Amino acid sequence: MTPRLRLLFLGLIALAAVLATASVVLLVTRGGGAANAGSQIGGPFTLTGEDGQKVSDTDFRGRYMLLFFGFTHCPDVCPLTLQRIADALEAAPELKDKVTPVLISVDPERDTPAAMKEYVAYFGPTFRGLTGSPDEIAAVLAAYGVYARKVKLEGSALDYTVDHSSFIYLFGPDGAFLTVFDPQQDSAALAAKLKETVK
Ligand code: NI
């Protein structure tokens with residue numbers, strides 16, 4: 001690619017990311033908040049758990065599900081966000097008892113169940129890591145309004161990275177969508193907001 005083409009390409013990727021982010025925000029705000037946004041984000045899924053077992057959204061009923069989409073090769077946003085989630089739950093035992101943090105992979109080609117198992121264990125024993133076939137993951141991303149796109153890394157041993165939106169979604173014990181959290185806020189702010197919703 002010429003530098004100019006590359007610039008155009010990167011610009012388009014950035015634009016797509018902004019549009020995807022805006023659409024999630026729009027989805028949430030148009031839903032009028034927690035009460036009736038449930039029909040617009042989320043839905044049933046059956047993916048593959050850490051030991052190769054099938055895991056469905058219904059397996060999390062009875063607990064709050066704090067859902068994040070990311071991938072194990074992510075150099076920055078994913079590990080930082082997952083660590084903030086871990087810190088928020090660690091600082092508030094009453095939350096830790098009720099909330100299950102779940103990472104769903106946006107990189108099903110590299111994220112095997114074993115890779116997910118090893119990765120989420122780093123953040124704590126209550127963390128779950130789910131992956132699936134590319135088609136299964138694509139369907140979940142669409143249902144949850146998540147943007148993710150492979151980006152080739154020229155001359156890197158990593159081969160490619162995945163640009164992705166990084167909202168944290170909270171679902172209730174009945175599976176209803178409750179709210180999304182800004183992934184950038186620190187763990188204290190996240191814990192405070194979780195305490196407002198998790199009863
Ligand atoms: Ni990431």
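**View 1. The two sides of helix α5.** On one side of α5 sit D135 and A142, both exposed. This is a predicted model, so take the views below in that spirit. Helix α5 covers residues 134-143, and its buried residues are I137, V140 and L141. Look down the axis of α5 and those buried residues fall within an arc of 100°, so they line one face of the helix. D135 and A142 belong to the other side.

**View 2. What α5 packs against, and how it ends.** The buried residues of α5 pack against four strands: β1 (46-48), β3, β4 (99-105) and β6 (148-152). As a reminder, the residues doing this packing are I137, V140 and L141. Just past the end of α5 comes G145, which takes a positive phi of about 65°.

**View 3. The nickel ion and its protein donors.** Three protein atoms act as donors here: SG of C74, SG of C78 and NE2 of H164. They lie 2.1 to 2.2 Å from the nickel ion. Along the sequence, the donor residues follow the spacing C-x3-C-x85-H. C74 lies in the loop between β3 (64-70) and α2 (77-90), while H164 is in strand β7, so the pair ties together parts that are 90 residues apart in sequence. Both C74 and H164 are buried.

**View 4. Zooming in on H164.** H164 belongs to strand β7, which runs over residues 160-164. Is H164 buried or exposed? Its relative accessibility is 15%, and because buried means under 20%, H164 counts as buried. The H164 side chain also reaches the backbone oxygen of F69, at 3.3 Å. Leaving aside residues up to four places away in sequence, H164 touches F68, F69, G70, F71, C74, C78, V106, Y147 and A148. Two of the residues in that list, C74 and C78, turn up again as donors of the nickel ion.

**View 5. Stepping back to the whole chain.** The protein chain has six helices and nine strands. Of its 199 residues, 43% count as buried. How much of the contact count comes from residues 24 or more positions apart? Among contacts with a separation of 6 or more, such pairs account for 69%. The accessible surface of the chain comes to about 10000 Å², and 59% of this belongs to carbon and sulfur atoms.

Technical notes. Residues numbered from 1 in each chain as written. Predicted model: local features only at pLDDT ≥ 70, side-chain atom pairs only at ≥ 80, totals over all residues. Heavy atoms only, no water. Buried < 20%, exposed > 50% of the residue type's maximum accessible area, 1.4 Å probe, protein only. Contact = heavy atoms within 4.5 Å. Areas by Shrake-Rupley, 256 points an atom, 1.4 Å probe, with all protein chains shown as cover. Polar contact = N/O pair within 3.5 Å; in protein donor to acceptor, adjacent residues only side chain to side chain. Donors = N, O, S within 2.8 Å, 3.2 Å for Na, K, Ca; no water. Arc of directions from axis to C-beta.
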